[in-house]
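Here is a walk through one protein chain, meant for someone seeing it for the first time. Keep the picture open beside the text and follow along.

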Amino acid sequence: MGEFTRPFEDLGKEASEYIDLRLDDIKLRTAKGLSMTLSKLLYMLLVLFVVSIVLTAVAIGGVMWIGEMIGSYAGGAAIVAAFFLLVLGVLILLRKKLFRDTFVPLFIKLFFDEDK
């Protein structure tokens with residue numbers, strides 16, 4: 001009877017090994033996807049931080065330059081603020097195209113292999 005049940009025992013052992021290998025594969029894919037996502041997120045935050053510093057410097061310079069040209073720093077600040085409000089309005093109008101349509105393919109590419 002032992003010879004008769006041996007193939008079933010081997011099949012059970014191999015199925016258990018296969019399941020363990022698949023779980024390891026899922027863990028590795030998850031770790032890879034999370035690390036790629038986290039690195040891109042940190043990169044975007046760093047770029048956002050640097051861009052905000054540059055925009056602040058440009059805004060201050062713009063306020064001073066326009067203020068000197070028109071003779072009023074308050075007027076220069078109002079003009080620079082209006083420019084940034086205009087840019088904000090354009091970003092709000094294009095938010096779907098800029099952000100959602102960009103991030104969905106990014107996450108799909110990160111979490112699903114294209115070669116499989």
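**A walk along the chain**

Let's start with how contacts are spread over the sequence. Among contacts between residues at least 6 apart in sequence, 52% join residues at least 24 apart. Keep in mind that what you are looking at is a predicted model.

So what is the chain built from? Its secondary structure comes to three helices and zero strands. Reading from the N terminus, the order is simply α-α-α. Helix α1 covers residues 2-70, while helix α2 takes in residues 73-93 and helix α3 residues 95-111.

How sure is the predictor about all this? The chain has an average pLDDT of 85, and 86% of the residues reach at least 70. That confidence varies along the way: helix α2 has the highest mean, at 94, and helix α3 the lowest, at 71. It's worth remembering that when your eye gets to helix α3.

Now for the surface. How many of the 116 residues count as buried? Just 9% of them do. The accessible surface of the chain adds up to about 9,900 Å², and carbon and sulfur atoms account for 75% of that.

Next, zoom in on helix α1, where some charged side chains meet. Side chains of opposite charge can pair when their charged atoms come close. Searching the whole structure turns up two salt bridges. One of them links Arg 22 and Asp 25, with 3.6 Å from N to O. These two residues sit three apart in helix α1, or about one turn of the helix. The other ties Asp 25 to Arg 29, and here the closest N and O atoms are 3.2 Å apart. Asp 25 and Arg 29 are also both in helix α1, four residues apart, again about one turn. With partners shared between the salt bridges, Arg 22, Asp 25 and Arg 29 are joined into one network.

Are these three residues buried or exposed? Arg 22 is partly exposed, with a relative accessible area of 38%. Asp 25 is partly exposed too, at 21%; the cut-off for buried is under 20%, so Asp 25 falls outside that class. Arg 29, at 28% relative accessibility, also counts as partly exposed.

Finally, move on to the aromatic rings. A pair of aromatic rings is described by the distance of the centres and the angle of the planes. The count for this structure comes to one aromatic pair. It is made by Phe 83 and Phe 84, whose ring centres lie 5.6 Å apart with the planes at 65°, so the pair is edge-to-face. The angle needed for that label is over 60 degrees. As for their surroundings, Phe 83 is partly exposed at 49% relative accessibility, and Phe 84 is partly exposed at 31%.

How values were computed. Residues are numbered from 1 along each chain as its sequence is written. This is a predicted model: local features need pLDDT of at least 70, side-chain atom pairs count only at pLDDT 80 or more; totals for chains, interfaces and linings use all residues. Side-chain values use heavy atoms; hydrogens and water are left out. Buried means under 20% relative accessible area, exposed over 50%, partly exposed in between (1.4 Å probe, protein chains only). Contact means heavy atoms within 4.5 Å. Accessible areas come from the Shrake-Rupley method with a 1.4 Å probe; for residues, only the protein chains shown count as cover. Rings of Phe, Tyr and Trp (its six-membered ring) pair if their centres lie within 6.5 Å; planes under 30 degrees apart count as stacked, over 60 as edge-to-face and the rest as tilted. A salt bridge is a side-chain nitrogen of Lys or Arg within 4 Å of a carboxyl oxygen of Asp or Glu. pLDDT is the predictor's confidence in each residue, from 0 to 100.
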